[in-house]
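Grab the sequence and the model, and let's work through a few exercises on how the pieces fit together. Try each task before you read its solution.

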Amino acid sequence: MGIDDKSISWRDALSALSLLIAGYSTYRYYRSLSESTIPPVKKGVEELIGNTPLVLIKSLSNATGCRVYAKMELCNPAGSAKDRVAYNVIQTAEKTGQLVRGEPGWVFEGTSGSTGISVAMLCNALGYKAHISLPDDTSSEKLALLESLGAVVNKVKPASIVDPDQYVNAAKKSAEAMVSKGIRGVFADQFENEANWRIHYEATGPEIYRQTGGELDLFIAGCGTGGTITGVSKYLKENMKTQPHVVLADPQGSGFYNRINYGVMYDNAEKEGTRRRHQVDTIVEGIGLNRITRNFKLGETYIDESIRVTDEQAIKMAKFLTVNDGLFVGSSTAINAVAAVKMARRTSTGSKIVIIACDAGSRHLSKFWKEAKNVDCNITLDQVIGE
Ligand SMILES: Cc1ncc(COP(=O)(O)O)c(C=O)c1O
């Protein structure tokens, strides 16, 4: 072996060593990363509720010059923010002895939306039974989900809240009938039950505070029961250094827009002779109402203004977010996103905006997405807003 051969083998040894060092550092880096981010093992699905991510909506941020984020409530185990509410309702009932863990008990709810699905999932996880009253025109995927989860489903004719057979009243009646027989049960009563807004005050609000570093310019949510907007905005207004501007994004046909901006709970769709079958005449599900509920009333003072969004804008926005960001969202999230763009266009560049992403598009395939899927994939943001 000559001198040259030896020097080559030294070079080989050196490069092998540096490769080894580089490989080890990469291994250490990824190990530390996974150790710091991997979630701990959970003892049941109920422990998966909350701590949802905040994600930047790049398309809307780039187009408006603001930073628009979605609070991904659709990441909860039963797919919506209502998991938090259902769990807090059950835990509150356990504290008052209406339900006892390990013993048979029923949770009754009147809901056309996500709450029934959350109640049904949690009842299965915690050893209770779910009884859900809903209007018989509830979308087929929600009905199928409830039936798959094994809930007892009571379908009633769509009716006004003053009708004793309206679905919320029907749920209350079923609960009272069961309890009068000495069987344990609770009426969840999401519109009036304060366990609703309280969990958003205790959990969702603080999460947004931490995720935004305590600095936020605008918070935008729709209003169904009012639990989310009341709980989150109360927390943010009480705790943030600079109070964020709170905006209620309202679908067509709902009375909140006029209530917040002009003090009257009224929508033109209620004019005599123009009213159609549904109280809130929109394709959007989960938000919009024409009555004042306790969970809304308690938070009304924290809401600074309301933005009206049409069904057409929401449908187009849903498609825009899907094709540009990979965000496949439901109708109420699309409403919030439209309101975010309208507000961003009025606000200073760089403002930080958080919207609630309440549930995913898969809950809305048979109705809202039946329309949204036909929107042109190349639609622009100006065409979405159309004003
Ligand atoms: C899909 C969806 N988005 C938004 C909301 C509104 O949330 P809140 O009832 O807290 O006002 C609901 C309520 O049921 C919902 O189902």
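**Exercise 1. Which residue of strand 8 stands opposite alanine 221?**

Before we start, two ground rules. Residues are numbered from 1 along each chain as its sequence is written. This is a predicted model, so local features need pLDDT of at least 70, side-chain atom pairs count only at pLDDT 80 or more, and totals for chains, interfaces and linings use all residues.

Step 1: find the strands. Strands are DSSP runs of E with at least two residues, helices are runs of H or I with at least four, and both are numbered from the N terminus. Strand 7 covers residues 218-221 and strand 8 covers residues 245-251.

Step 2: check the pairing, which takes at least two DSSP bridges between two strands. Strands 7 and 8 have 4 bridges and run in the parallel sense.

Step 3: read off the partner of alanine 221, which is leucine 248.

**Exercise 2. Work out the strand order of the sheet, and say which strands sit at its edges.**

Step 1: the open sheet has 6 strands in the order 1-2-10-7-8-9, with mixed pairing.

Step 2: look for strands that pair on one side only; these are strand 1 (54-56) and strand 9 (305-309).

Step 3: add the twist, which averages 25° from one strand to the next.

Step 4: see what covers the sheet. Helix 8 (residues 227-239) lies across strand 7, strand 8 and strand 10 (352-357), at about 170° to strand 7. Axes here are lines fitted to C-alpha atoms, for helices over the stretch in contact, and angles run from 0 to 180 degrees between N-to-C directions.

**Exercise 3. Describe how domain 1 meets domain 2.**

Step 1: get the bounds. The domain assignment, automatic or from a database, gives domain 1 as 47-78 + 201-385 and domain 2 as 81-187.

Step 2: the C-alpha centres of the two domains lie 25 Å apart.

Step 3: count the contact residues, where contact means C-beta atoms, placed from the backbone, within 7 Å. Domain 1 gives 24 residues and domain 2 gives 17.

Step 4: on the side of domain 1 that touches domain 2, the elements giving two or more residues are helix 7 (195-211) and helix 8.

Step 5: sort that side by class. It has 7 nonpolar, 10 polar and 7 charged residues. Nonpolar covers Ala, Val, Leu, Ile, Met, Phe, Trp, Tyr, Cys and Pro, charged covers Asp, Glu, Lys and Arg, and the others, Gly among them, are polar.

**Exercise 4. Classify the packing of helix 3 with helix 7, and of helix 4 with helix 5.**

Step 1: the axes of helix 3 (residues 82-95) and helix 7 come within 9 Å and cross at roughly 115°. So helix 3 is roughly perpendicular to helix 7. The classes are: under 35 degrees roughly parallel, over 145 roughly antiparallel, 65 to 115 roughly perpendicular, the rest oblique.

Step 2: on the helix 3 side the contact includes Arg84 and Val85, and on the helix 7 side it includes Ile199 and His200.

Step 3: helix 4 (residues 114-126) and helix 5 (residues 140-148) have axes that come within 9 Å and cross at roughly 15°. That makes them roughly parallel.

Step 4: this contact is made by Gly116, Ile117 and Ala120 of helix 4 with Lys142, Leu145 and Leu146 of helix 5. By class, that's 4 nonpolar, 1 polar and 1 charged.

Methods: Contact = placed C-beta atoms within 7 Å.
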